[in-house]
Amino acid sequence: MSRPNLDNPLIAVLSETGLAVAEKIAGCMGGQTVAPEGRADGASQHAERIGDAIAEAFSAGRPVIGIMAAGSLIRILAPHLSDKQKEPPVIAVAEDGSSAVPLLGGHRGANDLARKIAVALQGHAAITTAGDLRFGIALDAPPDGWALADPQNAKPVMAALLAGEQARLAGACSWLEKADLPVSDEGSVQLIASDRPQACGPLDLHYVPKTCVLGMGCERGCDRQEAIALAVETLGISNVAPQAVAMVASIDVKADEAAIHAVAGHFGVPARFFSADTLETETPRLATPSDIVFAEVGCHGVAEGAALAAAGEGAELVQPKRKSKRATAAIARSGHVFTEATMKKTGRQRGRLFVVGIGPGQEGWRSPEVARMIGAASDLVGYSLYLDLIGDISGGKTRHDFDLGKEEDRVRHAMELAGTGKDVALVCSGDAGIYAMATLVFELLAKGGLTDAAQRIGIEVSPGISALQAAAARAGAPLGHDFCTISLSDLLTPWEAIQMRVKAAAEGDFVISFYNPVSKRRRTQLAYARDVLLEHRPADTPVILATNLGRPEEKVRVVPLSELQVDDVDMLTVVIVGSSETRTICTGDGRNWVYTPRGYAAKQGTGIGA
């Protein structure tokens with residue numbers, strides 16, 4: 001069972017009375033308060049629809065604390081429940097702070113959070129899970145640094161203990177010894193603490209301390225299955241339980257090696273990396289130092305050195321280096337249990353760069369995947385306005401603000417920051433891959449000039465709702481048939497190339513979305529495009545002018561092509577020009593809509609087929 005991230009909970013509140021309670025909770029455990037628009041003015045954030053804000057935080061894996069009725073939280077989150085092994089804690093707190101009720105994730109942190117809230121509010125934690133109530137412990141959820149080797153046995157073991165059976169303890173385990181369990185040397189239930197494999201019966205639970213590090217080395221492009229097979233065999237030979245592996249360790253030039261990450265993924269643990277200089281300091285402890293390895297990478301051993309470096313001072317080399325055709329593996333046992341906190345301080349993880357598009361600006365247009373990535377990031381990089389727009393989900397994260405015009409500086413900074421081992425979100429408006437930063441990420445990789453660490457980061461690009469899509473949706477359905485996008489900015493594209501594309505799109509009778517239509521210095525390009533288009537489509541062709549989409553200042557207008565004026569457009573405006581087939585229709589409420597029929601028939605004046 002993976003452990004949830006309990007940092008930065010969303011604390012939803014519906015009233016001023018509840019806000020006082022919410023602020024006490026935030027004061028003791030962090031997080032952000034969010035309230036509906038027009039209520040609880042002092043909340044950190046306000047949402048047009050509080051239910052959407054709660055559901056988005058839940059989908060992103062954030063703990064949710066609702067200062068509201070339990071039934072309200074249940075109804076909001078019911079459509080989003082899928083896998084209790086992955087869902088974050090959800091707690092309902094009475095508006096007067098008298099009770100904190102864990103609704104979801106009791107064994108994934110909710111019970112502990114509820115107790116912490118109750119202490120802060122001098123209230124009551126309404127814990128309902130049987131094991132916690134009877135024994136003060138959740139046998140199916142061992143503490144940080146321990147794993148359950150046979151989780152399928154947890155239910156029958158708990159049932160037996162609740163029915164009056166007794167347990168016998170095997171191995172040293174302070175947290176089990178401190179629990180209020182019925183213990184007897186003759187107990188029918190056995191609770192085992194060991195980092196070695198055990199043969200367990202149906203009433204045995206094997207708790208494995210995460211004490212071991214699997215050091216790995218491999219050739220570039222090593223087959224993933226070969227590396228996994230070597231790792232599994234090495235553990236078997238060494239009599240080490242797979243659950244005892246706290247991490248996979250290697251040299252930093254392997255930070256982007258797929259085989260190393262495949263091994264880490266196989267065991268469900270993080271990968272950590274060390275410089276050659278750090279590994280070289282481990283040479284006196286190596287069992288099989290190699291001058292050949294030193295000549296290649298600058299240290300006398302990768303697998304053994306990485307295992308020992310991660311395991312720390314006083315670690316024991318349980319298994320010296322073993323080799324397959326293209327990989328090496330070794331195991332070191334530490335003198336302590338690795339918790340998530342200690343692992344974060346060990347070596348360097350492969351940094352990740354999340355390139356995210358947050359849409360035109362409205363919270364409801366932000367995808368759950370984008371919210372999840374922003375939630376996973378420690379650092380946010382972007383234009384200041386874009387970072388302001390995600391303030392509701394970015395509390396507690398380090399911001400790196402850049403002005404417009406500093407695009408390459410912004411992207412380079414994000415990549416180098418990820419190269420230090422951090423998870424970084426590069427925040428773009430609209431879709432990150434449409435006239436935005438995703439392309440620049442790969443351009444910088446292609447042309448070089450980055451540090452070696454920055455070149456080895458993991459990259460994930462998440463789609464967002466583009467300004468084109470948002471403008472089209474606000475106006476109706478103008479993209480019902482073939483369309484294209486053209487940027488009128490000549491900062492990166494020669495004006496001659498832009499002219500060629502405008503003419504070709506006009507002759508092809510595409511619906512056209514113009515990005516970057518005007519600026520303070522560019523006042524003629526849009527007029528040129530209008531005049532070219534008037535040569536190929538009717539003067540009354542609908543043109544959509546959409547400004548500040550998804551924001552309070554949003555304005556959407558429809559004008560005939562012949563009346564399109566440059567002064568009606570600014571850099572925050574998306575211009576969509578219909579094809580010769582695009583039409584308008586007025587509904588009974590007086591609303592004018594724009595649409596392009598899905599079927600296309602040539603008509604007089606199009607120039608098609610001439």
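**Exercise 1. Find how many cavities of 30 Å³ or more the whole structure holds, and describe the largest cavity.**

Solution. The structure is a predicted model, in which local features need pLDDT of at least 70, side-chain atom pairs count only at pLDDT 80 or more, and totals for chains, interfaces and linings use all residues. Residues are numbered from 1 along each chain as its sequence is written, and side-chain values use heavy atoms, without hydrogens and water.

Step 1. On a 1 Å grid over the protein atoms alone, a cavity is a set of points where a 1.4 Å probe fits but cannot get out. The search finds one cavity of 30 Å³ or more.

Step 2. The volume, meaning the space filled by probe spheres set on the points, is about 50 Å³ for the largest cavity.

Step 3. Lining residues have an atom within 4 Å of a point. For the largest cavity they are Leu10, Val34, Ala53, Glu56, Ala57, Arg62, Asp392 and Ile393.

Step 4. Sorted by type, the lining has five nonpolar, no polar and three charged residues. Helix H2 (residues 50–59) contributes the most, three residues.

**Exercise 2. Determine which residues of H4 are buried and which are exposed.**

Solution. Step 1. H4 spans residues 110–121, a helix being a DSSP run (H or I) of at least four residues.

Step 2. Buried means under 20% relative accessible area and exposed over 50% (1.4 Å probe, protein chains only). Ala110, Asn111, Leu113, Ala114, Ile117, Ala118 and Leu121 are buried. They lie on the same side of H4 because they cover an arc of only 160° around the axis, taken from the directions from the helix axis to the C-beta atoms.

Step 3. On the other side of H4, Asp112 and Val119 are exposed.

Definitions and conventions. Helices (H or I, at least four residues) and strands (E, at least two) are DSSP runs, numbered from the N terminus. The expected span of a helix is 1.5 Å times one less than its number of residues. On a 1 Å grid over the protein atoms alone, a cavity is a set of points where a 1.4 Å probe fits but cannot get out, and a pocket is an open set with protein on both sides within 12 Å along at least five of seven lines; lining residues have an atom within 4 Å of a point. Ala, Val, Leu, Ile, Met, Phe, Trp, Tyr, Cys and Pro count as nonpolar, Asp, Glu, Lys and Arg as charged, and the others, Gly among them, as polar.
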